[in-house]
Amino acid sequence: MKQIFPVILLAILAVLTIISRANAYDIQVWWTEFLSMAGLVALLALTYQKFRFSNLSYFVLFLWCVLQIIGAQYTFERVPFDFVTNLFGFERNHYDRLAHFMVGCGVIAVCELVYRNKWVSGKGMAAFFGIIFIMALANFWELVEWIYAEVDGGSAGLAFLGSQGDIWDAQKDMLMDTLGAFLGSTLFYFTTPKRKK
């Protein structure tokens with residue numbers, strides 16, 4: 001079961017992707033959101049024989065992919081997330097914040113990569129590197145969103161940007177990425193066995 005777990009997750013993603021594509025609110029937005037997820041999945045599939053992450057890493061990345069697929073189907077600002085909005089009295093849909101938090105949690109895979117390849121000296125340094133990596137990735141992604149919105153100049157660009165009128169959207173998204181990275185690196189630190197000397 002341990003060996004086929006990533007394959008099962010991949011099969012579930014394939015089914016969810018078909019459903020998402022068939023019910024997409026805006027096909028241009030769907031493709032834009034889907035391609036980032038597809039790129040990650042392709043990278044993991046191509047490197048599976050060379051470097052196998054823990055099942056925990058695959059599961060965390062799977063959760064982000066599911067959130068991305070749902071966001072691609074509805075566009076992030078239109079995902080039915082009203083129960084959270086109403087529960088906390090928010091003025092905007094915070095589904096995208098949850099997705100950013102899961103991006104940060106994906107740091108566990110980065111930590112595993114640098115730690116098991118001995119690119120860093122210990123688990124603490126791997127966790128630190130992972131957090132810095134996620135912060136840099138979050139910064140880069142916000143720039144990508146801004147450039148895409150500027151180039152597109154239309155509703156698809158605004159939907160991809162997903163700011164929903166919040167002038168601090170980029171900063172809040174980066175904060176959620178970073179908070180997720182702190183959680184993910186903590187999980188890595190306490191669940192990963194020490195390297196054999």
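**A walk through an all-helical fold, starting at H6**

The buried residues of H6 pack against H3, helix H5 (95-105), H7 and helix H9 (169-191); here "buried" is shorthand for under 20% relative accessible area, with exposed meaning over 50% and partly exposed in between (1.4 Å probe, protein chains only). The model is a predicted one, so local features need pLDDT of at least 70 and side-chain atom pairs count only at pLDDT 80 or more, while totals for chains, interfaces and linings use all residues. Residues are numbered from 1 along each chain as its sequence is written, and side-chain values use heavy atoms, with hydrogens and water left out.

Let's stay with H6 for a moment. Eight of its ten residues are buried, so the helix is largely enclosed by the rest of the structure. The buried set is Val107, Ile108, Ala109, Val110, Cys111, Glu112, Val114 and Tyr115. Yes, Glu112 is on that list too.

Ile108 is a good residue to click on. It lies in helix H6 and is buried, with a relative accessible area of 1%. Setting aside residues up to four places away in sequence, Ile108 touches Leu56, Ser57, Val60, Gly184, Leu187 and Phe188, where a contact means heavy atoms within 4.5 Å. Take Gly184 from that group: 76 residues separate it from Ile108 along the chain, yet their C-alpha atoms are separated by 5.1 Å.

Now step back to the whole chain. The protein has nine helices and zero strands, both being DSSP runs numbered from the N terminus (helices are H or I, at least four residues; strands are E, at least two). Reading along the sequence gives α-α-α-α-α-α-α-α-α. The radius of gyration is 17 Å, close to the 16 Å that the globule rule gives for 197 residues, so the protein is as compact as a globular protein of that length. That radius is taken over C-alpha atoms, and the rule is 2.2 Å times the number of residues to the power 0.38. Along its principal axes the C-alpha trace spans about 55 × 35 × 35 Å.

How much of the protein is buried? Buried residues account for 44% of the 197. Contacts reach a long way along the sequence as well: of those between residues at least 6 apart, 73% join residues at least 24 apart. The accessible surface comes to about 11200 Å², and 71% of it belongs to carbon and sulfur atoms; these areas come from the Shrake-Rupley method with a 1.4 Å probe, and for residues only the protein chains shown count as cover. As for charge, the mean positions of the 15 positive and 15 negative charges are 23 Å apart. In that count Lys and Arg are positive and Asp and Glu negative, with His and the chain ends not counted; each charge is placed at NZ of Lys, CZ of Arg, CG of Asp or CD of Glu.

H3 deserves a visit next. Leu67 lies in this helix and counts as buried at 12% relative accessibility. Leaving aside neighbours within four places in sequence, Leu67 is in contact with Phe76, Tyr95, Leu98, Ala99 and Met102. Ala149, by contrast, is 82 residues from Leu67 in sequence and 21 Å away in space, C-alpha to C-alpha.

Over in helix H4 you'll find Val84, which counts as buried at 14% relative accessibility. Val84 and His94 are ten residues apart along the chain, with 7.9 Å between their C-alpha atoms.

Two loop residues have backbone angles to check. Most residues other than glycine have a negative phi. Thr75 has a positive phi of about 75° although it is not a glycine; you'll find Thr75 in the loop between helix H3 (55-74) and helix H4 (82-88). Lys118 also has a positive phi, near 60°, and sits in the loop between helix H6 (107-116) and helix H7 (123-152). Are these two loop residues buried or exposed? Thr75 is buried, with a relative accessible area of 1%, whereas Lys118 counts as exposed at 55%.

Last stop: the cysteines. A search of the whole structure finds zero disulfides, a disulfide being a pair of cysteine sulfur atoms within 2.5 Å. For Cys65, the nearest cysteine sulfur is that of Cys105, 14 Å away, and Cys65 is itself buried at 2%. Why is Cys111 without a bond to Cys105? The closest cysteine sulfur to that of Cys111 is in Cys105, and at 11 Å it is too far for a bond. Cys111 is buried as well, at 0% relative accessibility, which brings us back to H6, where Cys111 is among the buried residues.
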